[in-house]
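Student: Hi! Could you walk me through this one while I have it open on the screen?
Tutor: Sure, pull up a chair and ask away.

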Amino acid sequence: MASEITLKFFQNVIKGITASTGFDSCMKKMTIVSGGVGHCLAEMKVEQEHVNKRGTLHGGCIATLVDIVSTIALTSASEEHLLGVSVELSVSYLKPAMLDQVVQIDSKSVKIGKNLAFLEAVVSAIVDTMSTNVAMQPP
């Protein structure tokens, strides 16, 4: 199973999610960097369409990034590649990401049960070669 999870798999999942004309299409500029079974790492450059009036990445955009990337991590964790529906989403905002910064979204499956899955994600702004946590979703 692990060898079957490839970057192409993740790219196809995100392509399917963002191909809609609905809200998920707002994540078209996000790219999948890597992943594995129960894990997904994505990046997105913060552009004008993603910021609030203060020029920082909008909190709703951060929550959407967490929701989508954690869903992609979940799809890779099972043989059936099932998509889930979020039951609860908790985000702690630690530091703003600014316009033109690249943010990295790192999500992993913590526990997958019969009816519920617990996932975690960290959103970090990449400054030069260092990253600073922007938000965290605790399991």
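Student: Let's start with charges. Which residue does Glu47 meet in a salt bridge?
Tutor: Glu47 pairs with Lys29 through their side chains, at 2.7 Å from N to O. Keep in mind that this is a predicted model.

Student: Where do those two sit in the chain?
Tutor: Lys29 is in the loop between α1 and β1 (31–36), and Glu47 is in the loop between β2 and α2. They are 18 residues apart in sequence, so the pair ties together separate parts of the chain.

Student: And what is the relative accessible area of Glu47?
Tutor: For Glu47 it is 25%, which puts that residue in the partly exposed class. Lys29 is partly exposed too, with a value of 39%.

Student: Which other residue forms a salt bridge with Lys29?
Tutor: Glu49 does, with the closest N and O atoms 2.8 Å apart. This pair again links distant parts of the chain, with Lys29 in the loop between α1 and β1 and Glu49 in the loop between β2 and α2, 20 residues apart. Glu49 counts as exposed, at 53% relative accessibility. Put together, Lys29, Glu47 and Glu49 make up a network of salt bridges.

Student: How many salt bridges does the structure hold?
Tutor: There are three. One of them joins Glu120 and Lys108, whose closest N and O atoms are 3.3 Å apart. That pair links strand β5, where Glu120 lies, to strand β4, where Lys108 lies, and the two residues are 12 apart. Both count as partly exposed: Glu120 has 23% relative accessibility, and Lys108 has 42%.

Student: Back to that loop between β2 and α2. Is His50 buried or exposed there?
Tutor: His50, which is found in that loop, is buried, with a relative accessible area of 3%. The cut-off for buried is under 20%, so His50 falls within that class.

Student: What does His50 touch?
Tutor: Leaving out residues up to four places away in sequence, the list includes Cys26, Lys29, Met44, Leu57 and Cys61. You'll recognise Lys29 from the salt bridges with Glu47 and Glu49.

Student: Leu57 is in that list, so what is Leu57 in contact with?
Tutor: Beyond its neighbours within four places in sequence, Leu57 contacts His50, and also Met44, Val46, Val51, Asn52, Ile62, Leu65, Ala97 and Val103.

Student: Which residues touch the most other members of the largest nonpolar core?
Tutor: Leu57 is one of them, along with Met30, Leu65, Ile72 and Val103, in a core of 30 residues. The elements giving two or more residues to this core are α1 (7–18), β2 (39–45), α2, β4 (102–112) and β5 (117–127). With nine residues, α2 gives the most.

Student: Why would nonpolar side chains gather like that?
Tutor: In soluble globular proteins, nonpolar side chains tend to be buried together.

Student: OK, new topic: the strands. What is the order of the elements?
Tutor: Starting at the N terminus, they run α-β-β-α-β-β-β-β. That is two helices and six strands.

Student: How do β1 and β2 pair?
Tutor: They are antiparallel, with five bridges. Ile32 stands opposite Ala42 in β2. These two strands form a hairpin with two residues between them, and Gly38 in the turn has a positive phi of about 75°.

Student: And β2 with β4, over how many bridges?
Tutor: Seven, and that pairing is antiparallel as well. In it, Met44 stands opposite Val103 in β4. Both residues are contacts of Leu57.

Student: Last thing, the outside. Which residues make a nonpolar surface patch?
Tutor: Val87, Val110, Leu116 and Phe118 make one of about 380 Å². Val87 lies in the loop between α2 (59–75) and β3 (92–93), and is exposed, with a relative accessible area of 69%.

Student: And for the whole chain, how much area is exposed?
Tutor: About 8,000 Å², with carbon and sulfur atoms supplying 54% of it. As for the inside, 37% of the 139 residues count as buried. Among contacts with a separation of 6 or more, residues 24 or more positions apart account for 60%.

Definitions and conventions. Residues are numbered from 1 along each chain as its sequence is written. This is a predicted model: local features need pLDDT of at least 70, side-chain atom pairs count only at pLDDT 80 or more; totals for chains, interfaces and linings use all residues. Side-chain values use heavy atoms; hydrogens and water are left out. Patches are made of residues with over 30% relative accessible area and no salt bridge: like charges are joined within 9 Å, nonpolar side chains (Val, Leu, Ile, Met, Phe, Trp, Tyr) within 5 Å. Accessible areas come from the Shrake-Rupley method with a 1.4 Å probe; for residues, only the protein chains shown count as cover. A salt bridge is a side-chain nitrogen of Lys or Arg within 4 Å of a carboxyl oxygen of Asp or Glu. Helices (H or I, at least four residues) and strands (E, at least two) are DSSP runs, numbered from the N terminus. Buried means under 20% relative accessible area, exposed over 50%, partly exposed in between (1.4 Å probe, protein chains only). A nonpolar core is a set of buried Ala, Val, Leu, Ile, Met, Phe, Trp, Tyr and Cys residues joined through side-chain atoms within 4.5 Å. Contact means heavy atoms within 4.5 Å. Two strands pair if DSSP finds at least two bridges between them.
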